Amino acid sequence: MELREDLTPFESVNYFFDRATKVTEVSDAAHAVLSGTYRELRVQVPVRRDSGELQVFIGYRIQHNGARGPYKGGIRYHPLADLEEVRALASLMTWKTALVDLPYGGAKGGVQVDVRDFSEREKQQLTRRYAGQISHIIGATRDIPAPDMNTNAQTMAWIMDEYGRKYGHTPQIVTGKPIALGGSYGREAATGRGCVIVMEEACKDRGLSPDGLSVVIQGFGNVGSWAARIAHDQGFRIIATSDIKGGIHAPNGLDIPKLVEHVAQTGSVVDFPGSSPISNDDLMTLKCDVLMPAALGEVITHRNVDDVDTQIIIEAANHPVTPVADATLADRGVLVVPDILANAGGVIVSYFEWVQNIQEFRWEESEVNDRLSTKLRRAYGQVKDFRDAKGTSMREAAFALAVERVIEAATLRGYL
Ligand code: NAD
């Protein structure tokens with residue numbers, strides 16, 4: 001794949017896959033299989049709005065590769081969750097689960113919808129309809145969904161219930177459930193916690209001590225807000241953050257526990273006392289030690305990469321850096337911890353939740369967090385060692401390791 005500025009999200013992930021083939025052996029057959037998706041389901045999702053109007057939305061469930069185990073990946077409700085975006089996210093899940101050595105393949109779901117003005121009843125109907133339409137291809141040993149942007153534990157509870165009506169009570173059909181319905185302690189915070197774990201490793205890698213290091217986090221949803229809370233507790237200084245309504249900046253550091261209260265009361269980070277406003281665009285180019293995009297994809301591109309002023313980027317969001325921008329950052333020596341490593345904490349604890357459901361036994365939160373930390377730090381070390389041995393970037397090393405593992409599983413199955 002040629003490096004261009006106008007690659008689609010799926011082409012961008014495949015560009016990174018292609019780069020990995022330069023540092024590890026990939027046959028033409030393996031390339032043909034792994035640069036496409038295994039199965040793509042497109043469904044109509046009609047919703048009766050509270051106004052009485054019937055609106056029809058389009059949803060997808062895309063399974064990229066299942067060589068290593070059942071498909072696994074979140075469900076996103078977003079106007080930009082189109083076919084190419086969901087394909088990209090599904091393929092990232094294949095590489096992510098392989099990189100952190102989970103017995104899963106990769107999938108993703110999405111409905112192209114803006115749920116900001118949806119009532120709870122409307123969200124429930126949307127979710128039940130979508131779950132019903134994809135129920136024939138998901139399953140506790142086939143494909144296990146989880147939350148992503150604009151979906152949460154409540155969404156998972158509705159999916160579990162809808163699936164259970166057809167197939168019987170099956171808590172392990174989804175992960176990221178409420179604790180009361182078989183969710184795991186530590187799952188809600190897991191992606192953000194994982195981002196902070198890899199941020200600590202990246203600081204060590206660069207010989208930096210976390211104390212007082214300045215961090216900018218774009219997005220204050222599930223991932224961004226938990227990353228901010230945990231990083232704040234570890235001594236990092238969060239100097240700016242944002243949500244879809246705008247950003248806030250405080251050079252001496254934001255009081256994150258107070259900010260969490262402010263968001264709970266007002267629904268947004270904006271107007272947080274003691275901070276000054278900043279746009280989402282300016283936030284990305286603020287001088288800082290660590291930049292953590294934790295909202296949408298493609299926020300660091302050829303347009304703003306020259307103004308990005310940081311030593312380390314932790315890709316909490318999926319594909320936040322385009323391939324062109326990635327090449328520039330590599331030339332400048334910025335340490336980019338790729339999404340398939342940086343945000344893998346969520347799927348790791350999803351796996352723990354699935355295991356607990358199968359065992360019908362709940363683990364303590366400390367056990368969940370300890371196992372998460374061990375798994376992620378091991379993966380970081382493996383990627384770093386591969387990077388140093390081959391003289392390549394963290395991203396190429398991470399993709400190469402993941403690709404090797406998927407190819408090994410597919411070959412052993414007799415698929416390749
Ligand atoms: P979320 O819906 O809880 O939060 C998203 C945040 O981004 C919100 O603060 C929202 O206001 C903000 N946002 C949305 N559009 C924006 C825009 N145009 N500009 C600035 N901010 C904007 O979602 P999440 O679960 O926190 O997911 C965030 C990212 O992390 C996504 O890329 C997702 O794929 C990735 N991720 C999530 C998980 C998980 O476990 N939830 C796991 C791995 C990766």
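Select Arg39 first: in this predicted model, Arg39 stands opposite Gln63 in S2. Now extend the selection to both strands. S1 covers residues 39-48, and S2 covers residues 54-65. The two run antiparallel, joined by 10 bridges.

**The five-stranded sheet**

Add the rest of this sheet. Its strand order is S1-S2-S4-S3-S5. The sheet is open, and its pairing is mixed. Color the edges next. S1 is one edge strand, and S5 (143-147) is the other. Each of these two pairs on one side only. Look along the sheet for its twist: neighbouring strands are turned by 20 degrees against each other on average, direction ignored.

**The seven-stranded sheet**

Hide that sheet and show another. Seven strands here follow the order S9-S8-S7-S6-S10-S11-S12. This sheet, too, is open with mixed pairing. Which strands form its edges? They are S9, residues 276-278, and S12, residues 335-337. Each has a pairing partner on one side only. The average turn between neighbouring strands here is 20 degrees, direction ignored.

Zoom in on S11, residues 312-314. S11 pairs with S12 in the parallel sense, over three bridges. Pick Ile313 and look across to S12: the bridge partner is Val336. Strands of a sheet pair through backbone hydrogen bonds, either parallel or antiparallel.

**The helix pair**

Select residues 187-205 for H6 and 345-359 for H12. Their axes are 7 Å apart, and the helices pack at an angle of about 145 degrees. The crossing of H6 past H12 is right-handed.

Show side chains at the contact. From H6, pick Arg187, Ala190, Thr191 and Gly194. They meet Gly345, Gly346, Val349, Ser350 and Glu353 of H12. What is the character of the residues in this contact? Two are nonpolar, five polar and two charged.

**The ligand**

Keep Thr191 selected and bring up the ligand. Thr191 belongs to the H6 side of the helix contact, and it is also among the closest residues to the ligand. The others listed as closest are Arg76, Asp148, Val223 and Ala295. In total, 22 residues surround the ligand.

Check three distances:

- Thr191: an N or O atom of its side chain is 2.7 Å from an oxygen atom of the ligand.
- Val223: a polar backbone atom is 2.9 Å from a ligand oxygen atom.
- Asn318: a polar side-chain atom lies 2.9 Å from an oxygen atom of the ligand.

Note on methods:
Residues numbered from 1 in each chain as written. Predicted model: local features only at pLDDT ≥ 70, side-chain atom pairs only at ≥ 80, totals over all residues. Heavy atoms only, no water. Axes fitted to C-alpha atoms, helices over the stretch in contact; angles between N-to-C directions. Helix = DSSP H or I, 4+ residues; strand = E, 2+ residues; numbered from the N terminus. Left-handed = near helix turned anticlockwise from the far one by under 90°. Contact = heavy atoms within 4.5 Å. Nonpolar A, V, L, I, M, F, W, Y, C, P; charged D, E, K, R; others polar. Pairing = 2+ DSSP bridges. Near = heavy atom within 4 Å. Polar contact = N/O pair within 3.5 Å; in protein donor to acceptor, adjacent residues only side chain to side chain.
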